[in-house]
Structure formats: C-alpha cells, structure tokens
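Thanks for coming, everyone. I would like to walk you through one model this morning, so please have a look at it before I start.

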Amino acid sequence: RSKPIGMGYLSDFKVFSVPPPDGFDERKLVVGRDGDYTQQSMLGVFDGAAYVFAGRAVEHYRRLAAGKQAVVFCVGISIAEETARKFRQAGYSAACISSQMSPADVARVFDMFRARHINVLCHVDMLGEGVDVPAIEVLIMLRKTASLANYRQWIGRALRPELGKQHAIIIDHVGNVLTHGMPDEHIEWSLDIPPTPKRSNLISCDECHLAYKAWLRHCPECGCENPIWKHRGGVAQAVPAR
C-alpha cells in the first residue's frame with residue numbers, strides 16, 4: 001500500500017470491477033474539451049441501460065457491502081432517482097440529491113446520511129471539490145470517466161479515514177479502475193501536461209469481481225484462478241485498458 005494509507009492518512013480499500021451489462025457500448029462516448037465524456041454522449045449510452053445498472057448496483061451492494069454508507073455516482077438526475085428508488089424497493093434507505101434541489105434540502109439529506117438515517121446516497125456532480133462527507137464507506141460508480149483527475153477525486157471521497165472503518169469498498173460497474181488503475185498507484189502530476197491512462201495491469205475476477213494485478217495466479221479475495229493463466233498456458237500477461 002502507498003505511504004498515506006500505511007500512515008493512516010487514507011483508508012485502505014478493496015476494488016471490485018463488475019462487468020457492464022450486455023449491449024453497453026462505451027465506444028459511443030465522446031470526449032469533450034474538458035477531457036471527460038460529454039454529458040450528451042453519456043446520457044445517450046447510459047439512459048437505455050439505467051434500469052439494468054440500477055438493479056446490478058443493488059445486487060452487488062447487497063453482496064459486498066449491505067448496510068454500509070454508500071454513495072452512487074450517476075450520469076443523470078432521472079437515472080440517479082431511478083437508482084435510489086431501486087435501492088428503496090430492495091429495503092435500503094436511499095435518497096437522491098441533485099442541482100434541482102435547494103441548498104437547504106441538499107444539506108438536510110447530507111445530514112441524514114452522516115447520521116446514518118440514509119444508507120445510500122445517489123447523486124450527479126454533487127460531491128465535487130470542497131464537499132467533505134467522512135461517513136462514506138462504499139463508492140459505487142455507475143458513471144464512466146475519461147479523466148484520471150476526476151476518477152482519483154471520486155475515489156478519494158471513500159478513502160477518508162474514520163474511526164472503526166476497516167477499509168473502503170469500491171464497486172465499479174463501468175471499468176474505470178481497469179482504465180485508470182488502482183487508487184494508490186503513483187502518478188507524476190504536472191500543471192503543464194495532464195496525466196494519461198497507461199496500459200492496464202489489472203484484471204477482474206470471474207467469480208467475485210475483485211480487481212487485482214494481472215500477474216497474480218489467483219484472486220486474492222476468493223482464490224479463483226486467474227483466467228489469463230488458465231487460457232494462456234500458465235503465462236500471465238497484462239490486459240489492455242478497456
């Protein structure tokens with residue numbers, strides 16, 4: 001683990017990379033001037049799969065982190081509302097916050113989340129710079145990003161240490177971690193040249209979906225054999241970024 005995690009400045013973590021549903025085509029996403037995917041292209045790709053993504057978010061939250069304090073990164077407000085509704089249908093306390101709400105209503109929902117009256121908080125661009133929510137134990141990504149800086153900022157929301165918190169749980173449904181790497185990987189940041197994703201050296205376990213280094217022979221979480229070893233004669237190779 002990195003020095004900040006080892007010294008207790010950041011929480012330890014586990015990352016699970018769940019394959020997106022069939023028919024999800026990220027090749028249709030368009031990168032805008034800000035270096036991230038445009039809202040229009042994301043809505044075009046995610047809208048049709050919103051119901052399936054919401055169901056999978058509930059399924060894997062129940063499997064990996066049931067009852068823990070989770071935030072869900074969504075593409076659009078209607079998608080965030082649908083996702084919160086699916087969590088409530090499954091018996092979890094869930095709410096959605098968006099720019100359409102008054103600051104007072106947003107603050108009220110944040111307070112309920114911090115007090116653990118709400119377990120799951122779905123949102124769209126409401127956890128940017130300057131927003132501190134130390135209660136987060138689980139981060140669920142239903143939104144793809146081309147920006148390494150955004151990815152690290154999102155992940156950082158769950159890495160805030162807190163008394164009694166053993167580790168953060170990251171559940172990635174869109175392959176962000178397979179593109180941008182583990183949260184503790186060293187990056188040479190520069191004001192002149194933005195960092196770009198490198199060739200991925202991660203793989204997602206076929207059984208439990210833990211993301212781990214592709215050269216390991218078995219999944220560190222469940223012991224399942226690395227499919228690269230299984231299908232390539234025992235020679236593990238790095239897998240390309242998706």
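Which residue in E4 does Ala95 stand opposite? That residue is Leu121, and the setting is a parallel pairing in which four bridges join E3 to strand E4, residues 120–123. Before going further, I should say that this is a predicted model, where local features need pLDDT of at least 70, side-chain atom pairs count only at pLDDT 80 or more, and totals for chains, interfaces and linings use all residues. Residues are numbered from 1 along each chain as its sequence is written, and side-chain values use heavy atoms, with hydrogens and water left out.

The six strands (DSSP runs of E, at least two residues, numbered from the N terminus) form an open, parallel sheet in the order E1-E6-E5-E2-E4-E3, where pairing requires at least two DSSP bridges between two strands. Strand E1 (13–17) and strand E3 (94–97) are the edges, each pairing on one side only.

Turning to the helices (DSSP runs of H or I, at least four residues), H3, residues 50–65, lies across E1, E2, E4, E5 and E6, running at about 150° to E6; such angles run from 0 to 180 degrees between N-to-C directions of axes fitted to C-alpha atoms, for helices over the stretch in contact.

Helix H4, residues 77–89, has buried residues (under 20% relative accessible area, 1.4 Å probe, protein chains only) that include Ile79, Glu82 and Phe87. The buried residues of H4 pack against H2, H3, E2, E3, E4 and E5, contact meaning heavy atoms within 4.5 Å. Just after H4, Gly91 takes a positive phi of about 100°.

Methods:
Buried means under 20% relative accessible area, exposed over 50%, partly exposed in between (1.4 Å probe, protein chains only).
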